[in-house]
Amino acid sequence: MHEMSYIVRLVNQAMEQVEKKNPIHVNSVHIEVGEMTGLEPFYLLKYYPIAVKNTRLEGSKLEITEVPVEALCHSCQTLFHPTKEFQYLCPHCGGGQATIRRGREFVLDHIAMEVND
């Protein structure tokens, strides 16, 4: 399960931001996970408490926004969600050439924390 390596990388990124802000408390860490990453939110949520144990993120909640795949058809410029039903072709024109625009991301979106003013 590669989810743990992603969580460790995420925790390292979040800790860098937390150290810069020096918050009183970290409430939650918000991430975006693309459909094409193959990552299972269940496992990300399962491993998060393990990865943040004994850090300033301990006790915070992991919030996940799943990002669907979005492709841009080269033929008709339609944005679409590739599906098995359409054999991953453009549902508007049937074109087979497309560029994936979204759905591959694994990014730290933001951290909700309480800071001293």
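The exercises below, each with a worked solution, concern a predicted model.

**Exercise 1. The open sheet**

Determine the strand order of the open sheet of three strands, and find which strands are its edges.

Solution.
- The order is S4-S3-S5, and the pairing is antiparallel.
- Strand S4 (79–80) and strand S5 (98–102) each pair on one side only, which makes these two the edge strands.
- Strand S3 (residues 70–73) pairs with S5 over four bridges, in the antiparallel sense.
- To place the register, take leucine 72: the bridge partner of leucine 72 in S5 is threonine 99.

**Exercise 2. The faces of H2**

Locate the buried residues of H2 and establish how they are arranged around the axis.

Solution.
- Helix H2 spans residues 41–52, 12 residues in total. From the first C-alpha to the last, H2 reaches 16 Å, close to the 16 Å expected at 1.5 Å a residue.
- The buried residues in H2 are Pro41, Leu44, Tyr47, Tyr48, Ala51 and Val52.
- They lie on the same side of H2, because they cover an arc of only 130° around the axis.
- The spacing follows a general rule: an α-helix has 3.6 residues a turn, so residues three or four places apart point the same way.
- Exposed Phe42 and Ile50 sit on the face of H2 turned away from its buried side.
- The cover over the buried residues of H2 includes helix H1 (3–21), S1, strand S2 (61–67) and strand S6 (106–114).
- After H2 comes asparagine 54, with a positive phi near 65°.

**Exercise 3. Serine 28**

Decide whether serine 28 is buried or exposed, and list what surrounds serine 28.

Solution.
- Serine 28 belongs to strand S1 (residues 25–34).
- Its relative accessibility is 9%; buried means under 20%, so serine 28 counts as buried.
- Its side chain makes a polar contact of 2.8 Å with the side chain of histidine 30.
- Apart from neighbours within four places in sequence, the contacts of serine 28 are Ser60, Lys61, Glu63, His110, Ile111 and Ala112.

**Exercise 4. Cysteines without a bond**

Explain why cysteine 76 forms no bond to its closest cysteine sulfur.

Solution.
- The closest cysteine sulfur to that of cysteine 76 is in cysteine 93, at 3.7 Å. A disulfide requires sulfur atoms within 2.5 Å, so this pair is too far apart for a bond.
- Cysteine 93 is likewise in no disulfide, its nearest cysteine sulfur being that of cysteine 73, 3.6 Å away.
- A search of the whole structure gives zero disulfides.
- As for accessibility, cysteine 76 counts as partly exposed at 25%, and cysteine 93 counts as partly exposed at 38%.

Terms used. Residues are numbered from 1 along each chain as its sequence is written. This is a predicted model: local features need pLDDT of at least 70, side-chain atom pairs count only at pLDDT 80 or more; totals for chains, interfaces and linings use all residues. Side-chain values use heavy atoms; hydrogens and water are left out. Two strands pair if DSSP finds at least two bridges between them. Buried means under 20% relative accessible area, exposed over 50%, partly exposed in between (1.4 Å probe, protein chains only). A polar contact is a pair of N or O atoms within 3.5 Å; within protein, one must be able to donate a hydrogen and the other to accept it, and residues adjacent in sequence count only if both atoms are side-chain atoms. Contact means heavy atoms within 4.5 Å. The expected span of a helix is 1.5 Å times one less than its number of residues. The arc is that of the directions from the helix axis to the C-beta atoms.
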